[in-house]
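Subject: A structure for you to look at

Hi there,

Here is the structure I promised to pass on. Please open it alongside this email, and then read on for what turned up.

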Amino acid sequence: MNDPRETLALVDRYESWMDGTCLTLSENDEILRFIPGKHLNYTEKHTYYKTVNIYKFSRHFSSTFYVPFLEAYSKALGNNEYYEQVLRTITMLEHPHIKAKRLTGETWYEIDDIQDLDIAESLFGENDETSLEKLQERYGGYWRYPKLLDFCYLVNPYFPPQQLIEEMKANFTTLLTQYPSGMKVNSLLAAKNFNVSPDQIVIGNGAAELIKSLMSILRGKTGFIRPTFEEYPNRYGSEESIDFIPDNEDFSYSAQNLIDYFTGKGIAHLVVVNPDNPSGNYIGKQDLLRLVEWAGTEHIQLVIDESFVDFADEADSTLIQKDLLSDNPHLFVMKSISKSYGIPGIRLGILTSGNQEVISHLKKDVSIWNINSFGEFYMQIAERYTGDYQESLIHIRAERTRFLKELQGIQDIRVIPSQANYVMVEILTDRSARALTRSLLIRHNIFVKDLSGKIPGRQLLRLAVRNTEDNNRLIEGLRKELR
């Protein structure tokens, strides 16, 4: 209303969640084209603006242009038309008298259906706490929030390379319209990628599918380390769970700590996430092999989740090795391809073991078409990008070192050492982790993981390691909130 221009259409930069009429604009806010949703050319989307469907019309514009054109359009084509079509016609005049007013970060959402309503409720909650809760309940899909910077979910920010993306784009139509192969073929692809035998590996729709399937067949007492990735203990009965909680403020532990604690506890299985989530604690490979040997001697099935192991500084840290698996059939190694390789939207994970009976059972337990064509094609071409992947790991390790150093320079937080693509920090003021999480979201559009529910009594956050630009934005936000 305060804009001196008399006739305006409110617009915002086009984002992937939007639909409906779009515009193209000149540098001085003249409307060049009204483009109906069904005529959008998505290769040009970077030039589009979306109508917010809020307008300001002057008396002159209404009486001279809009109402006469509206009446003529209605008489010719009927009333079942979008009113933007009338504005589209007016903009074709030599002097249309209407210009665009661009939003500059203001929050808005158009509600057409129940999904839109759900998202709008998270953007415009009754209070800041409600907005945070609504966002946390989504467990992903944050591409619908294009201004949100996600430090909660953990993916490789330096992979895949653009060439891989372009190769997948070039095959998009085929992958969209063709059935994927079944489990047998996808096991061959996964085995080739990780240099194991097909009967040693099962591919999953993300590691989460395999975790559910594996945990459902375990019987007897199972050892867990707390805090850890909750998907494992959540899939198992608490009465059969035995927890090891490290007795130090960093939640650090070694293989010997686990051997000392679980020896004599009568466990049938032990689950170890390495590096652990959320602590980032890492057990080196040689130390971990001692744990494998101990578990074999004690007749314990050992599940090692190495979804984040590639980010560790140690070279050759993986336990996914054909001979090692064959020699230790009590060993199961889980890996989330989504996290390590930065492709969470494709949903890929693997479980490897020398226990061919269990692997065969899991292949029958999951759906024969549990992997879509995009995931299959990714595995088909991934080997060509091994060099790019190794370079991405060098980048993220260097950025992690820089990021942790910057975080350590913030007076009111304590940084806990990490070998993963995330770091746990403790707040040293009377500010709660929940309150800081809320402030970062509402004031800075940054979403971090609040660990209050997972680790009661401690004020801890888990922060993903993203690229330098994103990490600097988080550091700036933390400094403003903690000063």
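Below is a short tour, from the whole chain down to single residues.

Please keep in mind that this is a predicted model.

**The whole chain**

The chain has 483 residues, and 50% of them are buried. Its secondary structure comes to 18 helices and 18 strands. If you want a feel for the dimensions, the C-alpha trace spans about 90 × 55 × 40 Å along its principal axes. Contacts often link distant parts of the sequence: of those between residues at least 6 apart, 71% join residues at least 24 apart.

**The cores**

In soluble globular proteins, nonpolar side chains tend to be buried together. Here, the largest nonpolar core contains 103 residues, and Leu291, Tyr378 and Leu407 have the most contacts inside it. The element that gives the most to this core is helix H16, residues 386-408, with six residues.

Leu291 is a good place to start clicking. Setting aside residues up to four places away in sequence, Leu291 touches Ala255, Leu258, Ile259, Leu270, Val272 and Leu302. There is also a second, separate core of 22 residues, and among its members are Leu135, Leu148, Cys152 and Leu441.

**Two helix pairs**

How do H16 and H18 pack against each other? Helix H18 covers residues 468-482, and its axis lies 10 Å from that of H16, at an angle of about 10°. Because that angle is under 35 degrees, H16 counts as roughly parallel to H18. On the H16 side, the contact is made by Glu399, Arg402, Phe403, Glu406 and Leu407. H18 brings Thr468, Asn471, Asn472, Leu474, Ile475, Leu478 and Arg479. By class, the residues of this contact divide into five nonpolar, three polar and four charged. Leu407 is thus a name to remember, being listed both in this contact and among the residues with the most contacts inside the largest core.

The other pair is helix H1 (residues 59-77) and helix H2 (residues 84-91), which pack at about 120° with their axes 10 Å apart. That angle makes H1 oblique to H2, and the crossing is right-handed. Phe61, Phe65, Tyr66, Phe69, Leu70 and Tyr73 of H1 meet Gln85, Val86, Leu87, Thr89 and Ile90 of H2. This contact has nine nonpolar residues, two polar ones and no charged ones.

**Two residues to look at**

Is Gln85, in helix H2, buried or exposed? Its relative accessibility is 18%, and the limit for buried is under 20%, so Gln85 counts as buried. Apart from neighbours within four places in sequence, Gln85 is in contact with Pro36 and Tyr73.

Asn421 sits in the loop between strand E14 (413-416) and strand E15 (422-427). With a relative accessible area of 0%, Asn421 is buried too. Which residues does Asn421 contact, leaving aside its neighbours within four places in sequence? They are Leu154, Val155, Asn156, Phe308, Phe311, Ile396, Ala464 and Val465. Take Leu154 from that list: Asn421 and Leu154 are 267 residues apart in sequence, yet their C-alpha atoms are 6.9 Å apart in space.

Happy browsing, and do write back with any questions.

Best wishes

Conventions
Residues numbered from 1 in each chain as written. Predicted model: local features only at pLDDT ≥ 70, side-chain atom pairs only at ≥ 80, totals over all residues. Heavy atoms only, no water. Core = buried A, V, L, I, M, F, W, Y, C linked by side-chain atoms within 4.5 Å. Buried < 20%, exposed > 50% of the residue type's maximum accessible area, 1.4 Å probe, protein only. Helix = DSSP H or I, 4+ residues; strand = E, 2+ residues; numbered from the N terminus. Contact = heavy atoms within 4.5 Å. Axes fitted to C-alpha atoms, helices over the stretch in contact; angles between N-to-C directions. Parallel < 35°, antiparallel > 145°, perpendicular 65-115°, else oblique. Left-handed = near helix turned anticlockwise from the far one by under 90°. Nonpolar A, V, L, I, M, F, W, Y, C, P; charged D, E, K, R; others polar.
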